[in-house]
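Trainee: I am new to this structure and would like a close look at a single part of it. Could you take the salt bridges and walk me through them slowly, with enough of the surroundings to keep my bearings?

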Amino acid sequence: MKKALIICYYWPPAGGPGVQRWLKFVKYLRDYDVEPVVYIPENADYPIRDESLLAEIPRGITILKNRIWEPYALAGLFSKKETKKISSGIIKAKEKQSWLQKLMLFVRGNLFIPDARKFWIKPSVNYLSDYLLNNTVDCLITTGPPHSLHLIGLELKKKFKLPWIADFRDPWTSIGYHKKLKLTAKAQQKHKKLESEVLNEATHILVTSPKTKTDFSRLTQTPISSITNGFDEERVEQSPLDEKFSLAHIGSLLEDRNPLILWEVLAELKHELPDFEHNLKIELIGRVGDSVIETIEKFGLKKNLEVPGYLSHQEALVKQRSAQLLLLLEIDSEETQVIIPGKLFEYLAAQRPIIALGPKDSDVTDIIAKAKGGHYYTYADKQGLKEELRKKYEAYSMSGIANTTGDLKQFTRRHLTEQLAQVIHAM
């Protein structure tokens with residue numbers, strides 16, 4: 001068996017989407033002759049926790065832990081609320097930002113390069129150097145964000161001449177969040193320099209979308225593989241479909257992804273379709289931006305809105321299967337064409353029709369089409385969105401909305417882990 005040292009920040013009991021990808025890879029790697037050794041922070045300040053995920057860690061694997069110092073703890077002395085929001089990626093619109101949030105964003109972007117976990121780089125290189133002097137591994141794997149973990153891999157590769165896979169769950173300097181950090185020209189240049197060094201020094205690069213592969217191919221000659229996220233074939237408690245015409249969104253719905261077109265369409269259908277107002281339920285599960293709730297209320301949909309907060313992964317899987325329709329919402333920008341949310345694949349596994357809104361030419365479009373999982377609309381196609389919701393409501397009112405029936409094997413975690421193992425064995 002090959003032995004892979006996997007360096008990651010998000011690991012159970014962390015919750016949210018960041019933990020899923022490598023938890024699931026580790027779960028199946030042994031089936032493809034790869035023994036994982038996982039290195040994680042011992043005392044990470046995770047913005048979301050989900051204790052239920054601890055049960056998914058395979059028995060007997062080696063987990064190395066080392067303490068981390070995170071400046072969010074210090075920032076919390078000024079405002080725990082603002083610190084938690086920024087740590088979770090919740091950033092208000094520029095005109096609504098307080099002076100404190102503006103200051104914290106400036107400090108985060110310009111002093112903590114590439115991110116606030118930079119202080120874990122040197123201690124990790126020292127800790128893992130001691131480990132590697134006494135233990136043999138066949139390759140290193142780092143996964144980001146946080147992209148500071150790639151700098152750990154960079155130093156270890158130089159020191160031990162080991163093959164190194166850099167996994168980008170999200171892009172680095174081209175992601176929308178990056179532009180909100182109030183970067184000086186010098187800081188932006190430093191980010192790009194570090195990104196370039198990682199892309200060109202890595203032995204192999206992993207990305208989660210075809211468009212990210214295309215974008216990175218312009219920056220490096222390093223081999224790149226696109227391995228998407230996926231879903232696990234697991235038993236989920238059966239739950240009856242909602243009696244209401246429910247539209248459920250699972251996961252964070254932050255300020256920039258506020259789908260005005262959707263709330264406008266639902267408000268119009270409220271006045272056009274009998275009993276629509278009585279039957280409609282908008283369920284936003286997870287962290288929700290204040291402006292999203294304000295907008296829904298502005299369109300007269302307050303009585304139809306439910307915001308239960310964060311649910312455990314298992315609870316979220318049940319919700320996905322009980323919803324009449326599942327909402328997939330992305331920012332309308334060129335940068336988000338490359339973003340394929342991890343929840344898309346769990347939505348597909350739930351087999352409830354997806355209503356997706358996002359930018360033109362998104363990678364999501366092809367995946368939904370291949371899986372026959374629902375419909376994708378751009379923010380310019382209000383009429384198409386409205387007609388589809390009208391059809392779905394008519395089906396709900398008559399015989400009910402049927403499950404989707406596409407072939408999903410290519411998106412299973414086991415199949416995707418096999419692709420990863422092929423990359424590892426080829427190194």
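Mentor: What follows begins with the whole chain, moves to the salt bridges, and ends with two residues that can be looked at in a similar way.

Please keep in mind throughout that this is a predicted model. The protein chain contains 16 helices and 13 strands, and 58% of its 427 residues count as buried. Its radius of gyration is 22 Å, which agrees with the value near 22 Å that a compact globule of 427 residues would have. Along the principal axes, the C-alpha trace spans about 70 × 50 × 40 Å. Among contacts with a separation of 6 or more, 75% are between residues that stand 24 or more positions apart, while the accessible surface comes to about 18,900 Å², with 51% of that area belonging to carbon and sulfur atoms.

Now to the part you asked about. Side chains of opposite charge can pair when their charged atoms come close. A search of the whole structure finds 23 salt bridges, and a few of them are worth following one by one.

Consider the pair formed by K24 and E56, whose closest N and O atoms are 2.3 Å apart. K24 belongs to helix α1 (residues 20-29), whereas E56 sits in the loop between β2 (34-41) and β3 (62-66), so that this pair links distant parts of the chain, 32 residues apart. Both K24 and E56 are buried.

Another pair is R30 with E35, where the side chains meet in a salt bridge at 3.1 Å, taken from N to O. R30 has a relative accessible area of 30% and is therefore partly exposed, since that class lies between the limits of 20% and 50%.

The pair of K382 and E268 has its closest N and O atoms 2.6 Å apart. Because K382 lies in helix α15 (residues 382-397) and E268 in helix α9 (residues 260-272), this salt bridge ties together parts that are 114 residues apart in sequence. K382 is partly exposed, with a relative accessible area of 25%, and E268 is partly exposed too, at 23%. These two residues also belong to a network of salt bridges that links E264, E268, E272, K382, K386, E387 and R390.

For practice in reading surroundings, turn next to D115, which is placed in the loop between α4 (99-110) and α5 (121-134). D115 counts as buried because its relative accessibility is 5%, and the limit for that class is under 20%. The side chain of D115 reaches the backbone nitrogen of R117 at 3.0 Å. Leaving aside residues up to four places away in sequence, D115 touches R108, P146, H147 and S148.

The last residue to visit is T142, in strand β4 (residues 139-144), which counts as buried at 0% relative accessibility. Its side chain and that of W164 are joined by a polar contact of 3.0 Å. Apart from residues up to four places away in sequence, T142 touches several others, including I7, L149, H150 and W164. Sequence separation and distance in space are separate matters to check, and here the C-alpha atoms of T142 and L103, which are 39 residues apart along the chain, are separated by 30 Å.

Key: Residues numbered from 1 in each chain as written. Predicted model: local features only at pLDDT ≥ 70, side-chain atom pairs only at ≥ 80, totals over all residues. Heavy atoms only, no water. Helix = DSSP H or I, 4+ residues; strand = E, 2+ residues; numbered from the N terminus. Buried < 20%, exposed > 50% of the residue type's maximum accessible area, 1.4 Å probe, protein only. Polar contact = N/O pair within 3.5 Å; in protein donor to acceptor, adjacent residues only side chain to side chain. Contact = heavy atoms within 4.5 Å. Salt bridge = Lys/Arg side-chain N within 4 Å of Asp/Glu carboxyl O. Rg over C-alpha atoms; globule rule 2.2 N^0.38 Å. Areas by Shrake-Rupley, 256 points an atom, 1.4 Å probe, with all protein chains shown as cover.
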